[in-house]
Amino acid sequence: MTTAQQNFTLTADPLSLDRIRSILTRLEDTIIFSLIERAQFAHNPKIYRRGEFEELQSTGFKGSWLDWFLKETESFHAKARRYTSPDEYPFTDPSELPAPLLKGPGIPAILYPNNINANASILSFYTRAIIPRITRQATLSLAAAKRAKGITGDDEYEDDGNYGSAAVIDVEVLQAISKRVHYGKFVSESKFRDDPAAFIPHILNPNRAALDALITKPEVERKLLQRLRKKADLYALNFAPDGEPIDDATTRKIDVDGVVELYEHYIIPLTKEVEVDYLLMRLEGLSKVEIDALASSKKA
């Protein structure tokens, strides 16, 4: 478990926007470094397709190699109480995971009860769009090496056989992206508590566009993407023995544009979808009296 952590039992205000931004900034590093690690292996599409491994089918498992890897990893993490934390969400159906071995540490209720889990979308996009792009260089290098050995045609591409190594890193990337996306709930809860009256009319008469406008800060997003590109540019560099950076695009560890586009066109929009979905559930189960009380308060 390498993603950024927050100690909810000691944190004075887990809904502080400054604290939330700090977590999200640290997750940028985790995601970039994990993508760099994954980029050293070829695409290996076999591990993302169901029914490719007889060894799994013989055990009765019907999913892909990555599905199996996720389930096995998350089963252990579930026993260690990972998914009792409000910022952790499994890719495996929770009904298929074991109960925690220990009692909870007494984390206070932070988020409003909800059942929002965007992991199915994250997994699909990751395997279909992100992986082919970030592994392109490794896949082409593999093809060249195979051609040198007389292997040509379909057999020269994509598969380097590193199924375990690739899946280990896939799990790390997926968990980090999942945490980043679902932290949108913390953002929504923080902004809702700061000014409930601004949100309540658009929740009672569901208006996704209005809610999206309330949570969207274009300048913040612009600075985020600028920071992300600078980080990815730096982390993608190789260094000479004397410590000097080798600023050569052909030796970069990862496609920097691909990392930025991942955030700009997927992670940020999906996070905002989660934020709006959360807000639309924020008043469920509350009486009119309770809602009116919220609407009349500036700080809930």
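In this predicted model, the second largest pocket holds about 450 Å³ of space. Twenty-one residues, written as 21 in the count, line the second largest pocket, and those closest to its centre are R21, L24, R180, V220 and L224. If you trace the walls of this pocket along the chain, the elements that each give two or more residues to its lining are α1 (17-38), α7 (184-194), α10 (218-235) and α11 (256-281). Among these, α1 supplies the largest share of the lining, namely six residues. Sorted by class, the lining of the second largest pocket has 10 charged residues, together with eight nonpolar and three polar ones.

The largest pocket can be read in the same manner, and about 590 Å³ of space lies in it. Of the 23 residues that line the largest pocket, Y48, R50, S64, D67 and L123 are the closest to its centre. Two elements, α3 (65-79) and α4 (119-134), give two or more residues to the lining of the largest pocket, and the largest share comes from α4, with six residues. By class, the lining of the largest pocket is made up of eight nonpolar, seven polar and eight charged residues.

Besides these open spaces, the model has an enclosed one, since the count comes to one cavity of 30 Å³ or more. The largest cavity contains about 50 Å³ of space, and its lining consists of E74, R82, Y83, D87, E88, Y89, F91, Q175, S178 and K179. When these lining residues are grouped by class, five are charged, three are nonpolar and two are polar. Which helix gives the most to the lining of the largest cavity? Helix α6 (residues 163-182) does, with three residues.

Helix α6 deserves a further look, beginning with its length. At 1.5 Å a residue, the 20 residues of α6 should span 28 Å, and because its end C-alpha atoms are in fact 28 Å apart, the expectation and the model agree. Is α6 mostly covered or mostly exposed? Helix α6 is mostly covered, for 16 of its 20 residues are buried, where buried stands for a relative accessible area under 20%.

Finally, an unreviewed UniProt entry carries the annotation "domain: Chorismate mutase", which covers residues 164-275. Over residues 164-275 the chain is 76% helix and 4% strand, and the C-alpha atoms at the two ends of this stretch are 34 Å apart.

Technical notes:
Residues numbered from 1 in each chain as written. Predicted model: local features only at pLDDT ≥ 70, side-chain atom pairs only at ≥ 80, totals over all residues. Heavy atoms only, no water. 1 Å grid on protein atoms, 1.4 Å probe; cavity = no way out; pocket = protein on both sides within 12 Å on 5 of 7 lines; lining within 4 Å. Points joined across faces, edges and corners; volume = space filled by probe spheres on them. Nonpolar A, V, L, I, M, F, W, Y, C, P; charged D, E, K, R; others polar. UniProt positions renumbered as here; feature names shortened; annotations may be inferred. Expected span 1.5 Å × (residues − 1). Buried < 20%, exposed > 50% of the residue type's maximum accessible area, 1.4 Å probe, protein only.
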